[in-house]
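This report describes how a protein and DNA meet in one model, taking each DNA strand in turn. Please keep the structure open while reading.

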2 protein chains.
Amino acid sequence: MPGAKGEALITATPPGPGGRSTSAMDAKAGANLLFLREEEMRRAQDLLFFAYRDFTNAADEVLHELGLGRAHHRALHFIGRNPGITVSDLLGLLRITKQSLARVLNVLIAREYVTQAPGRADRRQRLLNLTPEGQGLERRLFDRQRERLAAAYREAGSGAVEGFRRVMRGIMDESARLYIDRSESSAGERRTQRA
Amino acid sequence: MPGAKGEALITATPPGPGGRSTSAMDAKAGANLLFLREEEMRRAQDLLFFAYRDFTNAADEVLHELGLGRAHHRALHFIGRNPGITVSDLLGLLRITKQSLARVLNVLIAREYVTQAPGRADRRQRLLNLTPEGQGLERRLFDRQRERLAAAYREAGSGAVEGFRRVMRGIMDESARLYIDRSESSAGERRTQRA
DNA sequence: GCAGTTACGGCAGCTACATTGACGTATCTT
DNA sequence: AAGATACGTCAATGTAGCTGCCGTAACTGC
């Protein structure tokens, strides 16, 4: 069975008989710089793909044994981080349709990971919260990813972490940045649940 | 139509009448540090989700008008970066099954974005390459993402970029790291195609 | 108090992307 | 000649997203 683990992903590309053609090397330094910047961008594509793939993957085992999918995990995550979030705010974060969310949410509510409560100010709203079981599951899932992330942070150092955050923030949409910034500033008092 | 753009994602959470309870503040500094580290990890979850969401999204418009999906883009990307890659190496990178890859690959070959050629050393292999049209399409897709990335890099500065790379590398699997490192070292001579 | 809008839920049907398992064929290796 | 490998393919299935449409309850404005 191929792809077990630790496989050699790519057959080593030989540098080729031409080697580095010194003749054309100093031809256009400007074009070379441009090429390097482009290479850098493509490398970032790789980074995003692999990091996201393996990071999300880390929680899959637990999800699978419960018959849940990544969509359920995402919902749990954002409800956990935003207790009392409304359905439409959650939709805005996930950027999926109402129907897609409804499917995962119904499962989470049926299994009592999530509760709904009518809003006090606006009773049309359904404020979402994690039950203790929901918090427990979210933690289990989180712990898998946490390990990976903690190792990466340790290796890279705190300066690198700050750079990581800056770049990631820059990649995302304006609306996501607002969300990120908002949640950064209220780091201390996230324990206040809304009924 | 909700979710147009620039919407207020989350209703601002009021700090609550309790405010910051100074009584319990200096109770356990150790637990607080632990909490901050955890907060940091959860924030990284957010970052990965939003950055990946919006980054991949950037190419979707072009893909959609051609009736292609993200899976096609991923295949184009990795074939473009690894000219002459074998099917099984590509499978190892994408971590999908042969059948899943076959479907997207067949489309790409039928539309003449990708060519297959039997390996010279091992004729069982089908070495994959982009046609000029394939390169053109990949570039079109890439350009959408490039813009976003370039802006993020500019804002963040080169120090941050290095940190970004270090953390992202740390998050991914060992095998992906090997791939990343290999492609870093051969930055110059990526023009050598294999038949 | 009525009209319009908003927040939410649900139905029907669709597409994209992935899965497993089994089997076939050409080719390389021993 | 036997076995392993690289690849292709068929059939069935599941998850996760989508659109369009309708309904209900509750809020808002005139």
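A residue is counted as near a molecule or strand when one of its heavy atoms lies within 4 Å of it. The model is predicted, so that local features need pLDDT of at least 70 and side-chain atom pairs count only at pLDDT 80 or more, whereas totals for chains, interfaces and linings use all residues. Residues are numbered from 1 along each chain as its sequence is written, chains are lettered from A and ligands numbered from 1 in the order in which they are written, and side-chain values use heavy atoms, with hydrogens and water left out.

**DNA strand C**

Around DNA strand C there are 25 residues, of which Gln99(A), Arg124(A), Arg74(B), Thr97(B) and Ser100(B) are the closest. Of the atoms of this strand that come within 4 Å of the protein, 58% belong to sugar and phosphate. Sorted by class, the surface near DNA strand C holds four nonpolar, eleven polar and ten charged residues; here Ala, Val, Leu, Ile, Met, Phe, Trp, Tyr, Cys and Pro count as nonpolar, Asp, Glu, Lys and Arg as charged, and the others, Gly among them, as polar.

**DNA strand D**

DNA strand D also has 25 residues around it, and those that come nearest are Arg74(A), Thr97(A), Arg103(A), Gln99(B) and Arg124(B). Sugar or phosphate supplies 58% of the atoms of DNA strand D within 4 Å of the protein, and bases supply the rest. The surface near DNA strand D divides into four nonpolar, eleven polar and ten charged residues.

**Polar contacts and contributing elements**

The table lists polar contacts, each a pair of N or O atoms within 3.5 Å; within protein, one must be able to donate a hydrogen and the other to accept it, and residues adjacent in sequence count only if both atoms are side-chain atoms.

| Protein atom | DNA atom | Distance |
|---|---|---|
| Arg70(B), polar backbone atom | strand C, phosphate oxygen | 2.6 Å |
| Ser100(B), polar side-chain atom | strand C, phosphate oxygen | 3.0 Å |
| Arg124(B), polar side-chain atom | strand C, base oxygen | 3.4 Å |
| Arg103(A), side-chain N or O atom | strand D, base nitrogen | 2.4 Å |
| Arg123(A), polar backbone atom | strand D, phosphate oxygen | 2.9 Å |
| Lys98(B), polar side-chain atom | strand D, base oxygen | 2.6 Å |

Helices (H or I, at least four residues) and strands (E, at least two) are DSSP runs, numbered from the N terminus. With four residues, H3(B) gives the most to the surface near DNA strand C, while H3(A), with four residues, gives the most to the surface near DNA strand D.
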